[in-house]
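Work through the exercises below with the model open beside the text. Each task is followed by a solution that goes step by step.

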Amino acid sequence: MTSSPQRLPGEAPGPPAGLTRFNTSPDSAALAALHEVCASSAWGSKLLAQRPYATVEALFDASDAAMAELSAEDLAEAMAGHPPIGRPKPGDPTSSREQSGMAGASERLKAEMLELNLSYQDKFGHVFLICATGRTGEQMRDAVRERIGNSPEQEREIVRTELGKINRIRLTRLAELVEEESA
């Protein structure tokens, strides 16, 4: 039986196992993990360049700063990694989990969301993007109804904010993942 390392009184715990693994992974593996969080190569490169991260909060801060610096093209690249609300990527547990609020939606609501998604995409040229975690289908529908009236500039900044929220959720999962021990 192995024991946990002893900490001195008042000593802060080390970073979560997933963050330690991310910090020490080869660049190619870390970049692949970041691409699963956000499809923007500029965002991923900025976070990769700042490793190692002492805390999850430091990783969040780097993510927020990188998100604030993304160009319109970088944002488009990030959005391309997200499926439309109500249609998670088949076989992708992340998009299914994040969009679980639509899982139990009525056929009527799903059809309405599809119509709204298409109208939004026609207007803005990209999928409607919202941090769907914890939102009901009705809340997401109401959000797209409200946001479709925005200007492209307003919507780009809302999308930037929503991507930042999604990235934080996904980075939390990345930092908390504990690699299974081999038997």
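**Exercise 1. Find what the buried residues of helix 8 pack against, and on which side of the helix they lie.**

Solution. The model used throughout is a predicted one. Begin with the partners: the buried residues of helix 8 pack against helix 7 and helix 9. Next, list the residues themselves, which are G137, M140, R141, A143, V144 and R147. Around the axis they cover an arc of only 160°, and this places them on the same side of helix 8. As a general background to such patterns, an α-helix has 3.6 residues a turn, so residues three or four places apart point the same way.

**Exercise 2. Repeat the analysis for the buried residues of helix 5, and then describe the surroundings of L75.**

Solution. The buried residues in helix 5 are D74, L75, A78 and M79. Looking down the axis of helix 5, one sees these buried residues fall within an arc of 140°, so they line one face of the helix. Their packing partners are helix 3, helix 4 and helix 9.

Now turn to L75, which belongs to helix 5 and, with 0% relative accessibility, counts as buried. When its neighbours within four places in sequence are set aside, L75 is in contact with M67, L70, R156, R160 and L163. A further step compares sequence with space: L75 and C38 are 37 residues apart in sequence, while their C-alpha atoms are 9.8 Å apart.

**Exercise 3. Which aromatic rings pair, and how is each pair described?**

Solution. A search of the whole structure gives 3 aromatic pairs, and two of them are worked through here. In one of them, the ring centres of F22 and Y53 are 6.4 Å apart and the planes stand at 20°; since planes under 30 degrees apart count as stacked, the pair is stacked. The location of the two rings comes next: F22 lies in helix 1 (residues 17–24), whereas Y53 lies in the loop between helix 3 (41–49) and helix 4 (56–69), so the pair ties together parts that are 31 residues apart in sequence. Both F22 and Y53 are buried.

In another pair, the rings of Y120 and F124 have centres 4.6 Å apart and planes at 45°, so this pair is tilted. Y120 and F124 are 4 residues apart in helix 7 (residues 107–124), and are therefore separated by about one helical turn. Y120 is buried at 0% relative accessibility, and F124 is buried too, with a relative accessible area of 13%. Finally, Y120, F124 and F128 form one aromatic cluster.

**Exercise 4. Describe what R51 does beside the ring of F22 and along the chain.**

Solution. In space, R51 lies over the face of F22, at 5.6 Å from the ring centre. Along the chain, the peptide bond from R51 to P52 is cis, with omega near 0°. P52 itself is found in the loop between helix 3 and helix 4.

**Exercise 5. Identify the residues with the most contacts inside the largest nonpolar core, and the elements that contribute to it.**

Solution. The largest nonpolar core has 43 residues, and those with the most contacts inside it are F22, W43, L47, I85, F128, L163 and L171. Among the elements that give two or more residues to this core are helix 1, helix 2 (27–37), helix 5 (72–79), helix 8 (137–147) and helix 9 (152–176). To look at one member in detail, take I85: not counting residues up to four places away in sequence, I85 touches Q99, M102, M113, N117, F128, I130, A132 and M140.

**Exercise 6. Are H82 and H126 buried or exposed, and what do they touch?**

Solution. H82 lies in the loop between helix 5 and helix 6 (93–98). Its relative accessible area is 10%, so H82 is buried. Not counting residues up to four places away in sequence, H82 touches V127, L129, L163, I166 and R170.

H126 lies in the loop between helix 7 and helix 8. At 16% relative accessibility, H126 counts as buried. With residues up to four places away in sequence again left out, H126 touches M79, Y120, Q121 and V159.

Terms used: Residues are numbered from 1 along each chain as its sequence is written. This is a predicted model: local features need pLDDT of at least 70, side-chain atom pairs count only at pLDDT 80 or more; totals for chains, interfaces and linings use all residues. Side-chain values use heavy atoms; hydrogens and water are left out. Rings of Phe, Tyr and Trp (its six-membered ring) pair if their centres lie within 6.5 Å; planes under 30 degrees apart count as stacked, over 60 as edge-to-face and the rest as tilted. Buried means under 20% relative accessible area, exposed over 50%, partly exposed in between (1.4 Å probe, protein chains only). A charge sits over a ring if NZ of Lys or CZ of Arg is within 6 Å of the ring centre and within 35 degrees of the ring normal. A nonpolar core is a set of buried Ala, Val, Leu, Ile, Met, Phe, Trp, Tyr and Cys residues joined through side-chain atoms within 4.5 Å. Contact means heavy atoms within 4.5 Å. The arc is that of the directions from the helix axis to the C-beta atoms.
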